Amino acid sequence: MPKVLVSDSIDQVGIDILCQVAQVDVRIGLPPEELVRIIPEYDALMIRSGTRVTQEIIEAGDNLKIIGRAGVGVDNVDVPAATRKGIVVVNSPEGNTIAAAEHALAMMLSLSRYIPDANQSVKSGKWDRKSFIGVEVYKKTLGIVGLGKIGSHVATAAKAMGMKLLAYDPFISQERADQIGCRLVDLDLLIRESDYITLHIPKTKETYHLFNAEVFSKMKPTARLINCARGGVINEADLAVALTNGQLAGAALDVFENEPLEADSPLRELGSKIVLTPHLGASTEEAQVNVAIDVAEQIRDVLLGLPARSAVNIPGLYPDVLEKLKPYLQLAETLGNLVGQLAGGRVDFLDVRLQGELAGTNSQAVVVAALKGLLSQALRERVNYVNASIEAKERGIRVIETRDAALTDYTGSLHLEAKGSLGSHSVTGALLGDQEIRITSVDDFPINVPPTRFMLFTLHRDMPGIIGKIGSLLGSFNVNIASMQVGRKIVRGEAVMVLSLDDPLPEGILAEIMKVAGIRDAYTVTL
């Protein structure tokens, strides 16, 4: 009989599901060395956020078939190590959607009607109605930043309460926004016109401290800000100053840059202007039951030889199939990530052309891998091989797939073209004999470069001196160039330059590059 180890607190309903097919051992709070020692005995591991599943633990798990995380994030699991070992990693991407959305709405209403302070006032023996005159949300404008599953549910509920809806999400199509009932606008307009702003975005390099002093200065002085998404997307020091100075009327936060919230945080001193909760977005009985059921069922299915439905690595592909397709999947994901960053903004169409021997393979996994790469900048760990197609569909992205078995310069290659709000860009890539990925064209300009973590792409006029100017400019900012290549179609015509960098570009350097004579466009890419 298979054995399952549960190393964090899981709702009993999940344990009961696992017991249908396996012997279940619940051992909470194991030290890492003990987990390494006993993991060879188990076929499956079920965790929450308390257990860190390191490469050492995974390498010791010779019988492990699946690791299940009862929640959304899998930051505490070494997913690449699990994938290399053929272990499926699953999560529960939708188990706490309703809980998080309802908490955002509860925070908005609590803030509007001073419920926490009024409650404390009555409990202290007072009956002070005049101090807690609130505001209605009816006919107010709610700005929703991030229109994914949680943001969409907030929109549906807010619309039912009679609110006007604005939304900002560069990865959502207008058609999808119309279906939800939101007017899709740019972020600046949303900030200026909203009476309430609720955040439903991941913490990324682009969203870190997205809401700061500059943004608060643009908001209505009667506006209120709600964040039940991720800590760090708000500059908390700037928020405290803005609330103190009356630049906005209030804020409600469930998440913080550092958790637990520091004892000396200025947010604690703002009284009725702010509502604070200790990261309760997913803390409902139903959400805990939902994630336990979701992940336990997937572990059960995998132990019975069935595919998992929410794998974050390679769902339903067993080691022999995985070994054959894995290089092509990595190629597709890398090219998807690259073309998505080159396209920027919203993508409406993705053309996927499988060439050479790749045209004869089962393309479904390759297309999904391309979509996963395309969406990775927007969704980070929330997009995986299972939900990439669904996420793309919800964002109004149409996928067009073609095959060309004619011989190319490489045994098999993949061409992706993304078309969206900012225009169209394309990339082609292939695998060399040693299965090393090569980017072979960008926007139909021929090149031959391996992808690296930090890259700079320019479109420029092919003219003497321009390469030297870019090199000197990067050097003046202490940016080291690892490699450089130029692709052109005709002499003295347009050309593409690709630079592999040792470090990310410092703030402001892209604007300086655009000032160089002959440069038509420039893009930074982080893979």
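Student: What follows α12, and what is the sign of its phi?
Tutor: Gly-305 follows α12, and its phi is positive, near 90°. Please keep in mind that this is a predicted model.

Student: How far apart are the end C-alpha atoms of α12, and what span should its residues give?
Tutor: Helix α12 covers residues 285–303, and its end C-alpha atoms are 27 Å apart. At 1.5 Å a residue, its 19 residues should span 27 Å, so the two values agree.

Student: Which residues of α12 are buried?
Tutor: Among them are Ala-287, Val-291, Ala-292, Asp-294 and Val-295. Towards the end of the list come Ile-299, Asp-301, Val-302 and Leu-303, which are also buried.

Student: And what covers them?
Tutor: The cover includes the strands β1 (3–6), β3 (44–47), β4 (66–69) and β5 (88–90). The helices α1 (12–19) and α5 (97–113) are also included.

Student: Let us turn to Asn-91. Where does it lie, and is it buried or exposed?
Tutor: Asn-91 lies in the loop between β5 and α5. It is buried, because its relative accessible area is 1%, and the cut-off for buried is under 20%.

Student: Which residues is Asn-91 in contact with, leaving aside neighbours within four places in sequence?
Tutor: On that basis, Asn-91 is in contact with residues including Asp-294, Val-295 and Gln-298. Those three residues of α12 are themselves buried. Other contacts of Asn-91 include Arg-69, Gly-71, Ser-310 and Asn-384.

Student: A change of topic: how many aromatic pairs does a search of the whole structure find?
Tutor: The search finds zero. There are, however, lysines placed over rings: Lys-3 lies over the face of Tyr-42, at 4.9 Å from the ring centre, and Lys-489 lies over the face of Phe-445, at 4.5 Å from the ring centre.

Student: What about the largest nonpolar core: which residues touch the most other members?
Tutor: That core has 48 residues, and those touching the most other members are Leu-342, Leu-350, Leu-414, Leu-416, Val-427, Val-442 and Phe-457. Helix α14 (residues 364–379) gives the most to this core, with 11 residues. A second, separate core of 29 residues includes Val-145, Leu-225, Ile-234 and Ala-242.

Student: What is Leu-416 in contact with, leaving aside neighbours within four places in sequence?
Tutor: Its contacts include Ala-332, Leu-335, Val-339, Leu-350, Ala-370 and Val-427. Of these, Leu-350 and Val-427 appear in the group that touches the most other core members.

Student: How does β15 pair with β16, and what joins them?
Tutor: Strand β15 (residues 412–420) pairs with β16 in the antiparallel sense over eight bridges. A hairpin joins the two strands through two residues, and Ser-413 stands opposite Ala-430 in β16.

Student: How many bridges join β16 to β17?
Tutor: Five bridges join them, and the strands run antiparallel. Ala-430 has Arg-438 as its bridge partner in β17. This hairpin has five residues between its strands, and Gln-435 in the turn has a positive phi of about 65°.

Student: Why is β16 described as largely enclosed?
Tutor: Seven of its nine residues are buried, so the rest of the structure largely encloses this strand.

Student: Finally, which strand holds Asp-348, and what does Asp-348 touch beyond four places in sequence?
Tutor: Asp-348 is in strand β13 (residues 347–356). It touches residues including Ser-173, Arg-398 and Lys-419. Its C-alpha atom is separated by 8.8 Å from that of Ile-172, although the two residues are 176 residues apart along the chain.

Key
Residues numbered from 1 in each chain as written. Predicted model: local features only at pLDDT ≥ 70, side-chain atom pairs only at ≥ 80, totals over all residues. Heavy atoms only, no water. Helix = DSSP H or I, 4+ residues; strand = E, 2+ residues; numbered from the N terminus. Expected span 1.5 Å × (residues − 1). Buried < 20%, exposed > 50% of the residue type's maximum accessible area, 1.4 Å probe, protein only. Contact = heavy atoms within 4.5 Å. Phe/Tyr/Trp six-rings, centres within 6.5 Å; stacked < 30°, edge-to-face > 60°. Lys NZ or Arg CZ within 6 Å of the ring centre and 35° of its normal. Core = buried A, V, L, I, M, F, W, Y, C linked by side-chain atoms within 4.5 Å. Pairing = 2+ DSSP bridges.
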